[in-house]
Each structure stands twice: as C-alpha cells, then as structure tokens.
Amino acid sequence: MGDWMTVTDPGLSSESKTISQYTSETKMSPSSLYSQQVLCSSIPLSKNVHSFFSAFCTEDNIEQSISYLDQELTTFGFPSLYEESKGKETKRELNIVAVLNCMNELLVLQRKNLLAQENVETQNLKLGSDMDHLQSCYSKLKEQLETSRREMIGLQERDRQLQCKNRNLHQLLKNEKDEVQKLQNIIASRATQYNHDMKRKEREYNKLKERLHQLVMNKKDKKIAMDILNYVGRADGKRGSWRTGKTEARNEDEMYKILLNDYEYRQKQILMENAELKKVLQQMKKEMISLLSPQKKKPRERVDDSTGTVISDVEEDAGELSRESMWDLSCETVREQLTNSIRKQWRILKSHVEKLDNQVSKVHLEGFNDEDVISRQDHEQETEKLELEIQQCKEMIKTQQQLLQQLATAYDDDTTSLLRDCYLLEEKERLKEEWSLFKEQKKNFERERRSFTEAAIRLGLERKAFEEERASWLKQQFLNMTTFDHQNSENVKLFSAFSGSSDWDNLIVHSRQPQKKPHSVSNGSPVCMSKLTKSLPASPSTSDFCQTRSCISEHSSINVLNITAEEIKPNQVGGECTNQKWSVASRPGSQEGCYSGCSLSYTNSHVEKDDLP
Amino acid sequence: MNFSEVFKLSSLLCKFSPDGKYLASCVQYRLVVRDVNTLQILQLYTCLDQIQHIEWSADSLFILCAMYKRGLVQVWSLEQPEWHCKIDEGSAGLVASCWSPDGRHILNTTEFHLRITVWSLCTKSVSYIKYPKACLQGITFTRDGRYMALAERRDCKDYVSIFVCSDWQLLRHFDTDTQDLTGIEWAPNGCVLAVWDTCLEYKILLYSLDGRLLSTYSAYEWSLGIKSVAWSPSSQFLAVGSYDGKVRILNHVTWKMITEFGHPAAINDPKIVVYKEAEKSPQLGLGCLSFPPPRAGAGPLPSSESKFSLQTLKPVTDRANPKIGIGMLAFSPDSYFLATRNDNIPNAVWVWDIQKLRLFAVLEQLSPVRAFQWDPQQPRLAICTGGSRLYLWSPAGCMSVQVPGEGDFAVLSLCWHLSGDSMALLSKDHFCLCFLETEAVVGTACRQLGGHT
C-alpha cells in the first residue's frame, strides 16, 4: 500500500485515494469490485465522473492520460492499450483495436452496471418499503404491548382492590359475627338476668302474697261469705260423699278407665285402618301376582336366573298368602314375610318394567326399519280413529234409538195420519211406476200383434193368389177336360171350397180376435188404473188393496232399510235413483232424514233446556 | 235471613243457654232472660252493681253474674225466680269467676291470684286452691266435665294440677318443663292436655291425663313463639299459631308436625278463591235477601287475578305484644276446615282445607276482622269486622248482610245458637238476633253472591 501511495501522482491524490481503495480491493474479485462500485457510486457521482473526464484529457496530456488509462486498465485486468513492445526503447504504440475493445468492454460493463444498479435500486426500494412496513408493524405491536401491559396493570389493580374489599368484607363479616355472638351473649346474659330478676321478684311477690293471704284470709273476714236462700240438690241427684282413700282409689280407677277406653278406641281405629291397608296390600299383591304370572314362563326360559328363583318364591308366597287367615295374624309374624314378598315382587316388577323399557327403546331404535312393528304413533292414531268411529256409531245408535222411541211414542193422530199419507203417496208412486211399465209392455205387445196380423194378411193374400191361380189352373184343366170332368171339378171345388173356407175362417177369427183384444184391454185398464190411483187415498173399497200393498212395501222398505243401514249412507240414499227398489229405498231414507232432523231439533231443545238453569 | 228487633245491651254480655232455649243479656245491673224463639222476657233479675261477667251453668238452670269491682258474684235460678245466692269475696277481691261443669260449684279467683275459692251450691263446703298461676288460660275443664286442669306456680316453677270435678280431689300434680306457662287446653276427648310456654319461647308440651309427658314440640328458637292454640273437634289435630305467621298442625299419633300453613300477604296460587269485599252501589246485589237491605250492600267479590296481595299492617316491633302472628284460629265443627287470622294482615281470614291440608279460600274485608265463629252444625263461618255487616262464608260461597235498623249497628262480636239457625250479633250498646233461613235458601243466596273461579 505504501508503495502505491508514493507512486501515485500528487495531482490525482484525491482521486487516487479512492482508486487506491478500489485497487486495494481488486485483488478479491472483479464482481465484488463492481458491487462496491455500485454501492458507492450514485447518479451524481457519475456526473462528477463525466466532468472529471472532460477535464481529464487535454491536447497536452494525451500521452500521459493514455498511459494512465493503460495503467489503470491493466490494473483492472484489461489488456494493455499499447502494442506489445518489441524493443525496450521503442515507443509503445497505441493499439486502437485494444482501445476499442476496451471501450466496448467498458461500455458493456457500464450497461451491466447500470442494469445491476437499477435492479439493486428497485430491490432497495422494495426493501425500504418492507422495512417501513415492518417498522409500522413493530410500532403497532409495541403499542399493543403497551396497551395490554397497561390493561394488565389495571386488572391487577382491580384484583388487588377486590381482594382488599374482600378482605374488608371478611373483616366486616367477622366483626358482624362477633357482634352477633356478642349480642347473643348479651341476650343470654340478659335472659339469665331477667330470669334471675323475675325469680327474685316472684319470690318477693310470693312473700307478699303469703303475707296478704295471711292478712286477708286468715283473719276472720266476715265479708267473705255466701248468702244463699237454700242449698240446691246436686245435678246428678246424689249426695256428696266424703273424701276418703276409697274415693281416691275410685278416682284413679276411673281415670285409668277413661284412658284405657281412649286407647282402646284408638287401637280399634288403628286396627280398622290396618285391616283396610292390609286389604289394599293384598289386592295389590294379587294383582301383582296376576300381572307377573303370564311373564313367569318367559323369563324362566331366558337365562335370567335371579328372577327365576324369585319367581318360585313368589309362587310359594302366593300359595301361602292365599290363605285368608294369614291376614288376621298379628303384624309381627307376618310382617317380615309380607314385606319380603312385596319387596321381591316389587323388584321383579321393576326389573320387568326395566326390561320392557329396554325393549321399547330397542324397538324404537330398530323400529323405524322394522315394518312389522306398529309404531306407537300409528297405534295411537288407529285407536283415535277407532274411538271416533265408535263415537259415530254410538251417535248413530242413539239417533236410531230416538227414532224408534219416536216411532213408538208418536202414535198420536197427527203423526199416524201423516205417516199413512206418506205411505199412500209412496204407494201411488209405486203404482204409477208399475203403470208405466205395464204401458210399455202393452206397447210391445201391440207392436208384436200388429206385425203378426200383417203377416197373417200377407198370408191370406198369398193364399188368395194361390187359390186364384189354382182356380185358373183348374178352369183350364176343366176346359181342357170333358163335361163329366166338369162335375168332378165341381166336387173338387166344393171340397176345396169347404176346406179352404174353413181354414180361412179360422184364420180370420184368429187374426181378428187378437186385433180386438188389445183395444179392449188398452181402453179398460187405464181407466181402471186411473180410478185406482184416484180413489186410493180416500175410497174404502181400495183400502184392502192399499194395505196389502203397503205391507209389501213395508217389507221391501225394511229390507232396503237394512241395506241402507249397512251399506249406504242416508245422504246417498236420499239421492234420486231410477231403479224401483231404490226409489222405494229413498223414501225411508228421506223419512230417516226427516226424523234425524226431528231428533236434531229435539237435541237442540235439550241443549237449550240444559242452558236454562 | 231475618233480623229481630234491637235490644239494649251493656259490655257485650249476651249468651245463649247451653240447652239453646234461653238467651241471657245484661243491661247495666239488670239481667234479662228471654226465650230464644219468641224473644219474650222470661225473667228479669236485678243485681247489686253493673254486671261484668255472666255465665250459664251447664244444665241451663243457673246464671252467675260477676261484679268484679265489688268482689261479688250473684247466682240466679231460672226455675225459681225467688231463689238467690250471693257470694262475697270481701277484701280478697275477685278477678275471675266460672262454673264448674256440674253447675253446682263456682270457682272464684281472688285478686293477685292468691287462691281459687270453690263455692258449692249444694253444701256449705268451701274449698280453696292455692297458688293458681296468673296466666291467659289457667283453668280448663274436660269436655265431659270430669276433670279440671289448673296451672300453678310455686317457687318459680310451673305445675299443673288435675282435679276430679265431682269432689275436687287432686288427681295428679306435676311440674312442667316451661319457662313461664301461658296456657293449658284439654283435647276434646279429655285424654291429652296441651301446655304451652310463654311467647318468648316456642314450646308446646302434651301430657296424658295421668300426667305422663307424651311429647314436646318446638318449631324454632330465639324468636317470639306461640300465640294461639286450637284442638280440632276430633282431637286428631292440634293447630298451633305462632308469631312467625304460621300455623303448624300436629297429629295425635306421633305428635309431630304434619304441615305448616304460611300466611303470606301475596297469594300466588290461582286456584285459591279470594273474596274481596268491595263497596257496591245500592241498586246492585242483595235484592235476594228476604229482609230489605236499607243501604249500600257490600258483596265480597271473587278475584280472578293470578296474584293477589292482601293489605298488610306494619307491626311496631319495639312494643310489647306486637300485632304479628296468628292470633285467632278455629276449627269447623266437622274438623274439615280451619279458619285463621294473621294479626298483621288483620282484614283477612284464611280458610284451610284440613282434608287436603291446603289453603281453601281467603276473605279480605274492608276493615279488620273482629271475631269469627263457626256454625256449630255445619261448615259455615260467621265473621264480623266492627261494621254494620255480617259476613258468612261456606264452601259454596260467601255473602254479606247489612244489619238493618236505624243508625249503624256496629257488630263487635257474635255468637251462634247451638242449632245453627240463629246467632246473636252484639254491638256496643245493643244486640239483635239474626235468624238464618233453611239451608236451601241460604245456599242459593250464597251462590248468587259468592263467586266461582
């Protein structure tokens, strides 16, 4: 180093110092040097360098500067700017290529440096911002720490205060306790004092009393007297007896008698109570046994040993206790057995119930998958539904009963006539229907007949034609034949005429009768029917008929009623039906409706009556 | 309900005879005996001074009239009006006088409780009992009249003596473990004697007729104790009212407490029927009563609120005998109900159901309850508050009746006739009889006036 210092140009000392610094460190590595350079150099410095360069080389000192540069460059590891000198004396020539190379390299270097610098700068900025952030974080945390520290201190303070308070309260409590103790002591002492004083006073009082007694009583006070007109008899009519030892004994006896009576009475009461309780117990036991007995077999089959043995005990007990005399024994002898058996049974019952509970819970757990097991909800719903149905049925039964009752009771005139009217109307309706049916049948009949007559006429015509044909044919034949043939032919004709006419007549009669008949029927029957229908309500002559009809109708209606009761709701029955039977059925239905209406009003009135009071 | 005319009366002395035939009342120094049904004066006796106490003998043949000021007792016979008897206690003085159950002896307590003199109306004999204790209820007779229990005080110790009433022989004499005995009371069956201590200590002792101690009961210490005691007519229960505002029911088998009835000022149970008396306009209500009520009727109204608070009195604690605790209690004749009054809620009467051991009803009146008494025949409670109305409660309901008459008839006390058909209503200067109608009518009246909740 020392060498360098002496060697360096004094004019450049200031610069060389920095350079020397650089150079001293060049030995390490060029990269480190760059980094250092980058670290140290900054934009203003580079400007300085420029100005320095402008001042660095002049016309005069080209050589020197070149050599200086060469030197510098070589020290920096660049190739020498000069050509290799062959001779020592010869002046070294400036190698332009080298210079250019150097320049290029320097420029490249410069660019690299600039890039690196930029990178470093951005990094620097980044780091700076990071730093700032961290610093802010730090400060924040510091603040937080501070606040929490403060808080902690506050809490500690409060804790301390509370503890202090607590201590004070404890002290107060202790004081109060002491006070209470003191007061209690005072009370006690006062009480004793009071009692003592009282006793003293009482003694004094007693002394005074004695004295007073002596003064007042022992002196023959003439005033103390009873002035009575005459002594009255005792309430019980007996005379008073002298007081003797006997009376004393008698009194004692009587007292004990009274006491004994009381105790006897109480004992009786207790016995009665006991008997009742025993009865209840027995009943309970029986019920328990009956309840448990169906399950006896099941738990036995199971591996449950304990219950099995207990159950056998129960059976024994049951056998024993079935004897009624057992219950009349005093409690002492029975008590143990009784309590034991009850306890056992109770245990069984308990275990059984627990088992059932377990089962139920299991079922509940499994039950959702199990289709066979009816869930409780379903069960309940079902029961509810059934109950509802029962209710409905009951109501129906009730209404029916009411109906029946009304039927039974309501045989006063109005209702009967009304009923009869009802029935007659019904009858009318039925007859009408029958009438229409009959009409229809008649129509059919007529149609058939007409077709029949037509057929007969046609046959007759055909026959006529045939006859004519035959006559013509016979004529011909006759004409063809001789005269004796004519006689024969006459016979034949006679014969034929006879046979034929008879046939014809028969036919005609047959055909005419049916033709007439329907007319007469058709004319007659409607009149009759109309008469019937008209006279039905009033005429006595038709009443028989009506009755029979009504009888039938009743039968049918009853049948139908049964059906309706079983199958069809009254509302449906009330609807119109074309079928005759159904139409009849509709009547009772409507009647029923009417009755139910009646009954409804009846119940309403009932309700009103209920409301009234 | 009918009311008799108003008769004169002094110092609330009016009593039905035990057989229910007569009614004795006092006007100054005159004793008037009337027939209960006709109210006609049967006898009129004149005493030597203003009468301070009257009592019928058990057979309704005699009446004693005590004039404590003069130390005199006069006895009158109903059968023989001319018969007379005068007992003069002289300088010894007189503070109490009562009949023995046989109706032939009179027990006079002298001043300062020096002694009790037993005067006989049959013989000349006079007996003395020394050292009677000066206490609230120191003499009690069994209901059958055989025995008398007497509280005594000797050498600063309490004793109880049991006498046979027929010949005044001492049957038992035993000391009781009490500080300062206050009262004694026989059970109605005559076999158990309840003995209770001073109010400073809660202590009740039960003795058998032969002097054995059956049981001792104490609910608490260091506080004012028993204030009132009542036996149920069946002798099954003993109700003990105390200063802490509770009634404790003891049973007759173990003599332990069955239950305790608190008397809080707030009633929370909505099931409890509370009848609150309210002033009503004169047009409303009470029209159903046979006797026309002249003025405003007050009908106890049912309250349907879930919580009901009663009017309370703040007791003055620094005075003796503070107005707190259960001061009055009475069982109904069938032992099914118990009526109580808490002295710091003086306007209310509680009715307890003894069968179910729970509160049954509460009646709150407008003014403090002066007295109540059960109908001797049925569970029906008559209450008076010192106003002009009479209140009746039965399980069916509650009603109030205005006592007719010019001026206010302030009912201070009442007493039932033993048939339960009538009762005497006593005011300061007058009394009248109230005749209750047949059950049915009263029942309907009750239903119309009483409330349902």
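How many bridges join strand β7 and strand β8 of chain B, and in which sense do the two strands pair? Four bridges, in the antiparallel sense, with β7 covering residues 53-56 and β8 covering residues 62-67. Before going further, keep in mind that this is a predicted model.

Let's stay with that hairpin for a moment. W56(B) has I63(B) in β8(B) as its bridge partner. Five residues sit between the two strands, and S60(B) in this hairpin takes a positive phi near 60 degrees.

**A sheet built from both chains**

The hairpin strands belong to an open sheet of five strands, and here chain A joins in: the order runs β1(A)-β10(B)-β9(B)-β8(B)-β7(B), with antiparallel pairing. At the edges you'll find β1 of chain A and β7 of chain B, each pairing on one side only. On average, neighbouring strands in this sheet are turned by 15 degrees against each other, if you ignore direction.

The place where the chains meet in this sheet is the pairing of β1(A), residues 225-228, with β10(B), which is antiparallel over four bridges. Two positions give you a handle on the register. D227(A) stands opposite K86(B), and I228(A) has C85(B) as its bridge partner in β10(B).

**The wider interface**

So how many residues does each chain put into the contact? Chain B gives 55 residues and chain A gives 42 residues. Between them the chains bury about 4,400 Å², with 55% of that on carbon and sulfur atoms. On the chain B side, the residues that lose the most area to chain A are L114(B), C156(B) and Q169(B), which together make up 14% of what that side buries.

There's polar chemistry across the interface too. The count is 16 residue pairs in polar contact, both residues being at pLDDT 80 or more, and four salt bridges turn up between the chains. One of these salt bridges pairs E210(A) with K130(B), with the closest N and O atoms 3.4 Å apart.

Here are the chain B elements that give two or more residues to the side touching chain A:

| Element of chain B | Residues |
|---|---|
| β10(B) | 84-88 |
| β13(B) | 115-120 |
| β14(B) | 126-130 |
| β16(B) | 147-154 |
| β18(B) | 169-175 |

Of these, β10(B) gives the most, with five residues. Sorted by class, the side of chain B that touches chain A holds 23 nonpolar, 14 polar and 18 charged residues.

**A second sheet, with a helix on it**

Chain B also has an open sheet of four strands in the order β15-β16-β17-β18, again with antiparallel pairing. Its edges are β15 (139-141) and β18, and each has a single partner strand, so one side of each is left without a neighbour in the sheet. The average turn between neighbouring strands in this one is 20 degrees, direction ignored.

Within the sheet, β15(B) and β16(B) run antiparallel and are joined by three bridges. One position to look at there is I139(B), which stands opposite L150(B) in β16(B).

Chain A reaches this sheet as well, this time with a helix. Which strands does α7 of chain A touch? The helix, residues 245-292, packs on the sheet and touches β16, β17 (157-164) and β18 of chain B. Its direction makes about 65 degrees with that of β18(B).

Methods. Residues numbered from 1 in each chain as written. Chains lettered and ligands numbered in written order. Predicted model: local features only at pLDDT ≥ 70, side-chain atom pairs only at ≥ 80, totals over all residues. Heavy atoms only, no water. Contact = heavy atoms within 4.5 Å. Buried area = accessible area lost by both parts, 1.4 Å probe. Salt bridge = Lys/Arg side-chain N within 4 Å of Asp/Glu carboxyl O. Polar contact = N/O pair within 3.5 Å; in protein donor to acceptor, adjacent residues only side chain to side chain. Nonpolar A, V, L, I, M, F, W, Y, C, P; charged D, E, K, R; others polar. Pairing = 2+ DSSP bridges. Axes fitted to C-alpha atoms, helices over the stretch in contact; angles between N-to-C directions.
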